[in-house]
Amino acid sequence: MNMDSEETIITIAEPSRKRRGDGPRKSAAARVISELCTGCRICVQTCPSNSITIVESELNYNGIAEVDESCTGCHICAIDCPWDGVEMVNPDGSRKGPAEYDRQLKRLRGYQ
Ligand code: SF4
Ligand code: SF4
């Protein structure tokens, strides 16, 4: 080991967890219904934006899912959650209904 050499510190930037663009949100965002979430982690694995993490909770030994600001509103977690533990919430606070989930599922599968 060369003791004379200066130590080089390499910093690897964390990917941004913020969504792109400023201003109010225009698309729906996923929201976890904490009472229904079992902490199964399926949504963590399927979210294409890495927007979901499992956090500790008194509600569940496994923890529960939490969605961050980088959510693009793609619906995938809401469709995939086996416990109906995710709802899609519009920017005005209203919730998307089953018909909109169905439409988005068809879009994701390329039927529409
Ligand atoms: S898939 Fe559903 S139940 Fe499983 S961690 Fe995600 S929100 Fe919770
Ligand atoms: S709606 Fe899409 S981007 Fe948002 S948390 Fe769910 S899977 Fe991730």
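A nonpolar core here is a set of buried Ala, Val, Leu, Ile, Met, Phe, Trp, Tyr and Cys residues joined through C-beta atoms within 7 Å. Buried means that 20 or more other C-beta atoms lie within 10 Å of a residue's own, with C-beta atoms placed from the backbone.

We're looking at a predicted model, where local features need pLDDT of at least 70, side-chain atom pairs count only at pLDDT 80 or more, and totals for chains, interfaces and linings use all residues. Residues are numbered from 1 along each chain as its sequence is written, while chains are lettered from A and ligands numbered from 1 in the order in which they are written.

The protein chain runs β-α-β-β-α-β-α from the N terminus on (helices are DSSP runs of H or I, at least four residues; strands are E runs, at least two). Of its 112 residues, 19% count as buried.

Now for the largest nonpolar core: it has 15 residues, and Ala30, Cys43, Ala65, Cys77, Ala78 and Val86 touch the most other members. Strand S1 (29-32), strand S3 (60-67), helix H2 (76-80) and strand S4 (86-89) each give it two or more residues.

On to the ligands. A residue counts as near one if its C-beta atom, placed from the backbone, lies within 6 Å. Ala, Val, Leu, Ile, Met, Phe, Trp, Tyr, Cys and Pro are nonpolar, Asp, Glu, Lys and Arg charged, and the others, Gly among them, polar.

| Ligand | Residues around | Nearest | Classes |
|---|---|---|---|
| Ligand 1 | 13 residues | Cys37, Cys40, Cys43, Cys81, Gly85 | nine nonpolar, three polar, one charged |
| Ligand 2 | 13 residues | Ala30, Cys47, Cys71, Cys74, Cys77 | eight nonpolar, five polar, no charged |

Terms used:
Buried ≥ 20, exposed ≤ 12 C-beta atoms within 10 Å, placed from the backbone.
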